[in-house]
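Okay, everyone, thanks for squeezing me in. I'll put the model up and then talk about one residue, a couple of pockets and one of the chains.

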Amino acid sequence: MRESTKMLLHYITGILMIITGLIHLLANNEPNIGKLITSNVYFYLANMGIFLAALLYHAFNGVRVILIELVPDTCWTKLIGWAILLIGIAAYIVGIQVLLMALGLI
Amino acid sequence: MMEQSSIDLWKPVKVVKLRVYKYNPKKDFFPEWKEYEIEVSRGTTILDALLRIKEEIDPSLSFRYSCGQALCGSCAMMVNGRQMLVCRTRVLEVAHNRDFIELRPLDNFSVIRDLVGDFTPFFEKHRAVKPWIIRKDVEELENPTGEYRQTIEEYARYYQFTDCLKCGACYSACPTVATDHEYLGPQALAQAYRYMVDSRDDGLDERIAIVDSDHGCWRCHFATSCSDVCPKYVDPGQGIQLLKRLIVRRKFGFRPHKPAEVLPSKIGEVKRR
């Protein structure tokens, strides 16, 4: 993947985090809108799933950027990229599991 | 009020202490600071002062300079912690309310000797972005039949970046270069943008492959210290942001321009002296 694609996704996930985070906040703090959002548990799950994915991508890509600037060697750059991707996927699986448990779906 | 004669401008008005970085990596274990006291007049530039020190006090002092009129960019160095061209900076301008002026080589460059930095990586990065016109019609480039058509608006898009002296001040001020030595740097990236938006150029995709890399334009954190120190008021920070926009737009199929057409010319009719 080109660096521009990674960074474009970084910006898009930043915006997604704001939108889905706002929906999450409204669901928990605004009773009228909250009822509307939480009435459909799958909608709420999808929202939180997107929020988690966006948050993890944005945060781990930020860490990747910091690391490849500190360790500029090309070999390390690739290794850092793959390591961060695997840690990110593992964190997402765990996060989704916790979310499903919290919503009582498993 | 009496008018000041031009001779008065060269009368000594103050004794200034110059604190200069001295280091020869081949001989010295540690760098050291050496102080020189010289009389300066209103018109004395730091380069004048350095030349006088070299002639009269310490012939071993090394520094780089060439044109002496802010056109070549060879004499850039750190003056009181800021990147400046010493040929156009007057001593009294920076000595105001200070006991001494501190001179050291540019940051982010390894030292060859005293105030001379090693520009090899800097020029390698400059060359890496192919700072020349690339055309697909090689035949036309090699045997020109005319001139490339370019409007004033097209010229205005890259005009400011043509002023770059390659003095290294922006590269020296860049916080990303300080940590990431493979980062292309503000000078090379701004030059890449300058050629990518030049309507005569057709090398957009070739250059995108170079600047859209792990250590390319996306490593810029937009600190704009490069634009802040540029002695020619070029804005490399803006150039890098425009370059990012250009790359993103290219992903969606936009090209900044069509390569300029050849204008049937009167080259053959013009008598060359």
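So, A:Leu85: buried or exposed? Neither, as it turns out: A:Leu85 counts as partly exposed because its relative accessible area is 43%, and the buried class stops under 20% while the exposed class starts over 50%. Keep in mind that this is a predicted model, so that 43% is a computed value.

Where does A:Leu85 sit? You'll find A:Leu85 in helix H4 of chain A. If you want a landmark, take A:Ile18: 67 residues separate A:Ile18 and A:Leu85 in sequence, and their C-alpha atoms are 22 Å apart in space.

Now the pockets. The largest pocket holds about 590 Å³ of space. Its lining has 18 residues, and A:Leu85 is one of the closest to the centre, along with A:Lys6, A:Tyr57, A:Arg64 and A:Gly81. Which helices of chain A each supply at least two residues of that lining? That would be H3, residues 41-70, and H4, residues 74-102. The largest share comes from H4(A), with 9 residues, and that's the helix A:Leu85 belongs to. By class, the lining of the largest pocket splits into 10 nonpolar, 4 polar and 4 charged residues.

Over to the second largest pocket, which has about 210 Å³ of space. The lining here is made of chain B residues, including B:Arg82, B:Arg88, B:Glu93, B:Asp228 and B:Tyr233. Two elements of chain B give two or more residues each: strand E4, which runs 82-85, and helix H10, at 225-229. What does E4(B) put in? It gives 4 residues, the most of any element. The class breakdown for this lining is 6 nonpolar, 2 polar and 4 charged.

Since we're in chain B, let me zoom out. Chain B has 11 helices and 9 strands, and its C-alpha atoms fill a box of roughly 60 × 50 × 40 Å along the principal axes. There are 273 residues in chain B, and 44% of them count as buried. How much of the contact list in chain B, taking separations of 6 or more, comes from residues 24 or more positions apart? That share is 68%. As for the surface, chain B exposes about 15,000 Å², with 51% of that area supplied by carbon and sulfur atoms.

That's my tour, so over to you for questions.

Notes. Residues are numbered from 1 along each chain as its sequence is written. Chains are lettered from A and ligands numbered from 1 in the order in which they are written. This is a predicted model: local features need pLDDT of at least 70, side-chain atom pairs count only at pLDDT 80 or more; totals for chains, interfaces and linings use all residues. Side-chain values use heavy atoms; hydrogens and water are left out. On a 1 Å grid over the protein atoms alone, a cavity is a set of points where a 1.4 Å probe fits but cannot get out, and a pocket is an open set with protein on both sides within 12 Å along at least five of seven lines; lining residues have an atom within 4 Å of a point. Grid points are joined across faces, edges and corners, and a volume is the space filled by probe spheres set on the points. Ala, Val, Leu, Ile, Met, Phe, Trp, Tyr, Cys and Pro count as nonpolar, Asp, Glu, Lys and Arg as charged, and the others, Gly among them, as polar. Buried means under 20% relative accessible area, exposed over 50%, partly exposed in between (1.4 Å probe, protein chains only). Contact means heavy atoms within 4.5 Å. Accessible areas come from the Shrake-Rupley method with a 1.4 Å probe; for residues, only the protein chains shown count as cover.
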